[in-house]
Amino acid sequence: MPVSPASAPASAQPAPAQSGVVPAGRAEPPPAPASIAAEPVTASAAQAPSAAYVAPASQEVAPSAAPSAPPQPESQPATPAKTSWLSRLKQGLSRTGQSIGGLFIGVKVDENLFEELESALIMADAGLEATEKLLTALRARVKKDRIEDPAKVRDALRELLADHLRPLERRFDVTRAKPLVVMIAGVNGAGKTTSIGKLAYTFQQQGASVLLAAGDTFRAAAREQLMQWGARNNVTVIAQDGGDPAAVAFDAVNAGRARGASVVMVDTAGRLPTQLHLMEELKKIRRVIGKADGNAPHEVLLVIDGNTGQNALAQIRAFDAAINLTGLVVTKLDGTAKGGTLAAVAAGSQGVRPVPVYWIGVGEGLEDLQPFVADEFASALLSSGQ
Ligand SMILES: Nc1nc2c(ncn2[C@@H]2O[C@H](COP(=O)(O)OP(=O)(O)OP(=O)(O)O)[C@@H](O)[C@H]2O)c(=O)[nH]1
Ligand SMILES: [Mg+2]
């Protein structure tokens, strides 16, 4: 659970259930006419005729202060040194016991070292393709440059790994549409809601106004978790008491447009790719968002727990097939994650599309979601943790 807001506005409490809850099994909403889309989503819209798809049930949980007020992270330092999250990443990635960086200490540069490196990369979930590619290039580099110092071999591998990972590096452009509609999906507990909370903070720091949609309508606790993040960041949350997550997403996109929000982020319930009906539901959410705004969702992000290992590839493949991903968020890299998975993604292992990695999560604080930078990641992966 995220930290509770130190001073959650009273209005951030979930409103009581309303009579206008979207009936289960309702047909998909039609595209919203412009006049309807311009309506702000309010609780009173519950009285709207059911034929009109105007936020019949979504509740708006607005922060008590002006939405433009700056976020007030209570327990976070304003600007923690970058070194602090980098060192957390390094520590996290080197804690596996198979630390690749450690292999270079006090050894000779010989075939034995290459073999150890090969095993370590595979153990770190880098996959066969990436491991072979990196080792072949490293052997060639060592030979060509006649490298005899193991530390220099490590530098060479770091460079090769960074080059290998660089195609995954992509800057997230929050201004390329208004509102930029971002749909977030992933398996249970991957860190979706927490990442949305951190991103809300990050986007606000960049001057963007944010609106959140509580598309995880299965659990009241999930809605409340997002509301807490909303209160903490001082942003409005569009939520509904049970009902159809696609309807909440639809309402939120319309609300975002009506009030000129820069970003609308749609949370979704965790699901396994094997739960086919839930994957269908995800496709529906995506489709219905497109009915509220023909170009949306502009970003479709998969959140992956960094500890997932090779199964991450299967997750990416399945979610990509269902909802056409535009980016990844990899969380919990501060823990015991091996981190090599991203090398496997970059290599297109197991038929995965190398989906860009926008952010990596290195902790539970507001500023612990950082842009993925190939150079930094490669350094952390090859650090001996010292
Ligand atoms: N250490 C660490 N913990 C994280 C990170 N990101 C998320 N978590 C924790 O992981 C747990 C699950 O996070 P949620 O955001 O609730 O995950 P979710 O994907 O929304 O979960 P469901 O909605 O239940 O599917 C929480 O305890 C988070 O604090 C991270 O980068 N580092
Ligand atoms: Mg969640």
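This is a short guided tour of a predicted model, stop by stop, for you to follow in your viewer.

**Stop 1: the whole chain**

Start with everything shown as a cartoon. You should find 12 helices and nine strands in the chain. Now colour by burial: of the 386 residues, 50% are buried. Contacts tell you something about the fold as well. Among those with a separation of 6 or more, 80% are between residues 24 or more positions apart.

**Stop 2: around ligand 1**

Select ligand 1 and show what surrounds it. The shell holds 21 residues, and Gly191, Thr193, Thr194, Gly270 and Gly361 are the closest. Which helix gives the most to this shell? Select residues 192-205: this is helix H6, and it supplies three residues. Try colouring the shell by residue type, and you will see 11 polar, six charged and four nonpolar residues.

**Stop 3: the nonpolar core**

Next, move to the largest nonpolar core, which has 106 residues. Here is a general idea to keep in mind: nonpolar side chains tend to be buried together in soluble globular proteins. Select Leu212, Ala249, Val264, Met265 and Ile289, the residues with the most contacts inside this core. Helix H8, residues 245-258, gives the largest share of the core, with eight residues. Colour domain 1 (82-168) and domain 2 (175-375) separately; the core lies between them because both give residues to it.

Stay with Ala249 for a moment. Which residues does Ala249 touch, leaving out those up to four places away in sequence? Select Ala213, Gly215, Val266, Ile285, Val288 and Ile289 to see them.

**Stop 4: strand S3**

Select residues 210-215, which form strand S3. Six of the six residues are buried, so the strand is largely enclosed by the rest of the structure. Look at one side of S3 and you will find Val210, Leu212 and Ala214; turn to the other for Leu211, Ala213 and Gly215. Both faces are covered.

Now add the partners of S3. Strand S5, residues 263-268, runs parallel to S3 and is joined to it by six bridges. To see one facing pair, select Ala214 in S3 and Asp267 in S5, which stand opposite each other. Strand S4, residues 236-239, also pairs with S3 in the parallel sense, over three bridges. Here the pair to select is Leu212 and Val237, with Val237 in S4.

**Stop 5: two cis peptide bonds**

Show the backbone as sticks and select Lys178 and Pro179. The peptide bond from Lys178 to Pro179 is cis, with omega near -10°. Pro179 sits in the loop between helix H5 (150-165) and strand S2 (180-185).

Then jump to Ala296 and Pro297, which are also joined by a cis peptide bond, with omega about -5°. You will find Pro297 in the loop between helix H9 (276-292) and strand S6 (299-305).

**Stop 6: two residues with positive phi**

Select Asn324, in the loop between helix H10 (311-323) and strand S7 (327-331). Asn324 is not a glycine, yet its phi is positive, near 55°. Is Asn324 buried or partly exposed? Asn324 has 13 C-beta neighbours inside 10 Å, so it counts as partly exposed.

End your tour at Lys332, in the loop between S7 and helix H11 (341-346). Lys332 has a positive phi too, near 60°, and is likewise a residue other than glycine. With 22 other C-beta atoms within 10 Å, Lys332 is buried.

Methods:
Residues are numbered from 1 along each chain as its sequence is written. Chains are lettered from A and ligands numbered from 1 in the order in which they are written. This is a predicted model: local features need pLDDT of at least 70, side-chain atom pairs count only at pLDDT 80 or more; totals for chains, interfaces and linings use all residues. A residue is near a molecule or strand if its C-beta atom, placed from the backbone, lies within 6 Å of it. Helices (H or I, at least four residues) and strands (E, at least two) are DSSP runs, numbered from the N terminus. Ala, Val, Leu, Ile, Met, Phe, Trp, Tyr, Cys and Pro count as nonpolar, Asp, Glu, Lys and Arg as charged, and the others, Gly among them, as polar. A residue is buried if 20 or more other C-beta atoms lie within 10 Å of its own, exposed if 12 or fewer, and partly exposed in between; C-beta atoms are placed from the backbone. Two residues are in contact if their C-beta atoms, placed from the backbone, lie within 7 Å. A nonpolar core is a set of buried Ala, Val, Leu, Ile, Met, Phe, Trp, Tyr and Cys residues joined through C-beta atoms within 7 Å. Domain bounds come from an automatic or database domain assignment. Two strands pair if DSSP finds at least two bridges between them.
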